[in-house]
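Okay, everyone, thanks for coming. I'd like to walk you through one structure today, so let's put it up on the screen.

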Amino acid sequence: MLEIIYQDEYMVAVNKPAGMLVHRSWLDSKETVFVMQTLRDQIGQFVYPIHRLDRPTSGVLLFALSSDVARQLAAQFESHQIEKIYHAVVRGYVEAPQTIDYPLLEQLDKIADKHATREPALQECVTHCQPIAQVECSVAIGRYPTSRFSLLELKPETGRKHQLRRHMSHIRHPIIGDSKHGDLRQNRGVSQHFAVSRLMLHASLLVLAHPISGERISLIAQWDESWLSLVNQFGWQHIASKLGMGEFNSSL
């Protein structure tokens, strides 16, 4: 069962689990479980995906319940009227806010664009990065006797493929658990010492105008058990509680 965080007669939003594909894809032809089909069966009606999250990313995922509403919501995304806030745990200390204004080369789809004759274009790409917390752990993962990590709030202005993962890699603070753009040694170390092996990127908040009433709606998806476990081990419980991202108990 998917966690439904908002539902009315026009749209529905879920807290997408990490590791789950949004819909059927060439990425894994053997996969049989998808968010779109699971949600359709769960609520008993067809759903229209409005945006995507990478398979390893968790968090707010929005669907329309009609094609007309889907067009209205898609227009908000295309015109950058929707506010998106992600949280990420990255390697190293990020101590000051910054705006990453760094163009990224377009990533063409291996299936949909396999017959494309044009070269990938360089695309404008902007991410706002706000550090929330840092920690130094007495664990030697790399060449130093301790390891440092930061908790970040990320606000993408643009919506390029793997934008946040690629931007954090660009500033040399890759997201923990990123197998494609990250630090594999750090990923293995976090898995070994902290028993967390997922991509530490979560779509926490989506703010949009309701397609019918126009009312501003905030859709919040709390962190999963892996997130809360790492946050607990890093001593960030008070921050998670302040952000409204989860409740802690003695088993974490």
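Before anything else, one bit of vocabulary: when I say buried I mean under 20% relative accessible area, exposed means over 50%, and partly exposed is whatever falls in between. Also, please keep in mind that this is a predicted model.

Let's use that vocabulary right away on His-193, which is found in helix H4. Is His-193 buried, exposed or partly exposed? Its relative accessible area is 36%, and since that falls between 20% and 50%, His-193 is partly exposed. Now look across from it to Val-139. Along the chain, His-193 and Val-139 are 54 residues apart, but their C-alpha atoms are separated by 7.6 Å.

Staying in that area of the sequence, Ala-140 sits in the loop between strand S9, residues 126–137, and S10. With a relative accessible area of 48%, Ala-140 is also partly exposed, because the exposed class takes over 50%. Its C-alpha is separated by 9.9 Å from that of Gln-186, and those two are 46 residues apart along the chain.

Hold on to Gln-186, please, as it brings us to the second largest pocket. About 310 Å³ of space lies in there. Thirteen residues would be a lot to read out, so here are the ones to click on: of the 13 in the lining, Arg-91, Tyr-144, Thr-146, Arg-148 and Gln-186 lie nearest the pocket's centre. Which secondary structure elements each supply at least two residues of that lining? Those are strand S10, running 147–156, and helix H4, running 184–194. As for the chemistry, the lining has 5 charged, 5 polar and 3 nonpolar residues.

One of those central residues does something else too. Arg-148 lies over the face of Tyr-93, at 4.4 Å from the ring centre.

That gets us onto aromatics. How many aromatic pairs are there by the rule used here? The count comes to 6. I'll pick out two of them. Phe-149 and Phe-194 are edge-to-face, with 6.2 Å centre to centre and 90 degrees between the planes. This pair links distant parts of the chain, as Phe-149 belongs to strand S10 and Phe-194 to helix H4, 45 residues apart. Both of these phenylalanines are buried.

The other pair I picked is Trp-223 with Trp-227. Their ring centres are 4.6 Å apart and the planes are at 25 degrees, so this pair is stacked. Trp-223 and Trp-227 are both buried.

Back to the phenylalanines for a second: Phe-149 and Phe-194 join Phe-234 and Trp-236 in one aromatic cluster. If you're rotating the model yourself, that's a good place to stop.

Now for cavities, meaning the closed ones. The count is 1 cavity of 30 Å³ or more, and the largest cavity has a volume of about 40 Å³. Who lines it? You'll find His-51, Leu-53, Val-60, Lys-84, Ile-85, Tyr-86, Ala-203, Leu-205 and Leu-206 around it. Strand S5, residues 83–91, and strand S11, residues 201–209, each supply at least two residues of that lining. By class, the cavity lining divides into 7 nonpolar, 1 polar and 1 charged.

Next, cysteines. A disulfide is a covalent bond between the sulfur atoms of two cysteines. So how many disulfides does a search of the whole structure find? The search comes back with 0. For what it's worth, Cys-129 is buried at a relative accessible area of 3%, and Cys-137 is buried at 8%.

Last topic: backbone oddities, and I have two to show. His-80 has a phi near 60 degrees, a positive value in a residue other than glycine. You'll find His-80 in the loop between helix H2, residues 67–78, and S5. At 54% relative accessibility, His-80 counts as exposed, because that is over 50%.

The other one is Arg-172, with phi near 65 degrees, again a positive value in a residue other than glycine. Arg-172 is placed in the loop between helix H3, 163–170, and H4. Its relative accessibility is 65%, so Arg-172 counts as exposed.

That's my tour, folks. Grab the model and have a look around for yourselves.

Technical notes: Residues are numbered from 1 along each chain as its sequence is written. This is a predicted model: local features need pLDDT of at least 70, side-chain atom pairs count only at pLDDT 80 or more; totals for chains, interfaces and linings use all residues. Side-chain values use heavy atoms; hydrogens and water are left out. On a 1 Å grid over the protein atoms alone, a cavity is a set of points where a 1.4 Å probe fits but cannot get out, and a pocket is an open set with protein on both sides within 12 Å along at least five of seven lines; lining residues have an atom within 4 Å of a point. Grid points are joined across faces, edges and corners, and a volume is the space filled by probe spheres set on the points. Helices (H or I, at least four residues) and strands (E, at least two) are DSSP runs, numbered from the N terminus. Ala, Val, Leu, Ile, Met, Phe, Trp, Tyr, Cys and Pro count as nonpolar, Asp, Glu, Lys and Arg as charged, and the others, Gly among them, as polar. A disulfide is a pair of cysteine sulfur atoms within 2.5 Å. Buried means under 20% relative accessible area, exposed over 50%, partly exposed in between (1.4 Å probe, protein chains only). Rings of Phe, Tyr and Trp (its six-membered ring) pair if their centres lie within 6.5 Å; planes under 30 degrees apart count as stacked, over 60 as edge-to-face and the rest as tilted. A charge sits over a ring if NZ of Lys or CZ of Arg is within 6 Å of the ring centre and within 35 degrees of the ring normal.
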